[in-house]
Amino acid sequence: MKKLIGSNKFKTAVFISGNGSNLKSLIRFSYLKKSPINIKIVISSNIKAKGLKIAKRFKIKTKIFSFDKNIKNENDVIHFLIRNKITFICLAGFMKILSKNFLNKFKGKILNIHPSLLPKYKGLNTHQRAINNNEKYSGCTVHLVNSKLDSGKIILQKKIRISNNETAKSLTEKILKQEHTLYPKAIKKLFSNR
Ligand code: GRF
C-alpha cells in the first residue's frame, strides 16, 4: 500500500443516520498514519442522529440532507461533495437508498457495512431473522455499493457464532463490536489493491 500522509489521504465523507458508533471507529482509524482516509465531512439524513454529536466532538464538519428522491435534492448533495473535493464515501448506519445517478458519480468509491454475512440477510432486521432461522453463525460484511441493495463486491467479512440463548439485542452488540474493527481493516484492504 502506498503511504498516504496528511493531505494526500483520500478526502472522505461518512454518511450516517443514527448512533454513529462505526463513525467513531472510522474517525479514530483516520487519525492513524497508516490510514488511507481523512474524514472531511459527516453527512446525516437525520437531524437527530446521535452520530452528529460525535462528529462535532472531533471537530468534523457536519451537514444534513434529506435524501428525498428528487433530482434537485440529490444534485445538492453531489455538488456539496464535489465542492469539498470528496473522493471516497463510507456509509455507516446510513438508512437511505442512493440513486443510480448518485452511484455513477462515485463509482467504486462507496463502501457500506452490513450486519450479516452477505449475501444472507440483506435489508433490515438481520439479527432476528438469523436467529429465527436457527443459524449457527452470523456476522458482518463490508462491501462496495452498487445499485442493488447490499449486493456490491464483498471486501471483507467477519463470522460470529450465534450462542444458544442469543437475542437480537445481544447479537447486535456482539456484531457491532466486530464491525468497529472490520470496517477499518476493509478500507486498508481496498486501498492496498489500488
Ligand atoms: C450497524 O450495525 C451497521 O452495520 C448497520 O447499521 C448499524 C449502525 O450502527 N448498517 P452505528 O450507527 O454505526 O452505531
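**Ligand site and helix H1**

In this predicted model, a polar backbone atom of Asn19 lies 3.4 Å from an oxygen atom of the ligand. Gly20 also brings in its backbone: one of its polar atoms there is 2.8 Å from a ligand oxygen. With Ser21 it's the side chain that takes part, with an N or O atom 2.5 Å from an oxygen atom of the ligand. Taken on its own, the ligand has 370 Å² of accessible area, and the protein covers 82% of that.

As for where all this happens, the ligand sits in the largest pocket. Asn19, Gly20 and Ser21 are joined around the ligand by Asn22, Gly93, Ile113, His114, Pro115, Leu176 and Glu179. Sorted by secondary structure, at least two residues of this shell come from each of H1, S5 and H6.

Helix H1 deserves a look of its own. The helix spans residues 21-30 and is mostly covered, with 7 of its 10 residues buried. Asn22, already met in the shell around the ligand, is one of these buried residues. The others are Leu23, Ser25, Leu26, Ile27, Phe29 and Ser30.

What packs over them? The cover on the buried residues of H1 includes strands S1 (10-16), S2 (37-44), S4 (88-91) and S5 (110-114), along with helices H2 (51-57) and H6 (168-192). S5 and H6 thus turn up twice, both in the cover over H1 and as contributors to the ligand shell.

Key:
Residues are numbered from 1 along each chain as its sequence is written. This is a predicted model: local features need pLDDT of at least 70, side-chain atom pairs count only at pLDDT 80 or more; totals for chains, interfaces and linings use all residues. Side-chain values use heavy atoms; hydrogens and water are left out. Buried means under 20% relative accessible area, exposed over 50%, partly exposed in between (1.4 Å probe, protein chains only). Helices (H or I, at least four residues) and strands (E, at least two) are DSSP runs, numbered from the N terminus. Contact means heavy atoms within 4.5 Å. A residue is near a molecule or strand if one of its heavy atoms lies within 4 Å of it. A polar contact is a pair of N or O atoms within 3.5 Å; within protein, one must be able to donate a hydrogen and the other to accept it, and residues adjacent in sequence count only if both atoms are side-chain atoms. Accessible areas come from the Shrake-Rupley method with a 1.4 Å probe; for residues, only the protein chains shown count as cover. On a 1 Å grid over the protein atoms alone, a cavity is a set of points where a 1.4 Å probe fits but cannot get out, and a pocket is an open set with protein on both sides within 12 Å along at least five of seven lines; lining residues have an atom within 4 Å of a point. A molecule sits in a cavity or pocket if more than half of its atoms lie within 2 Å of its grid points.
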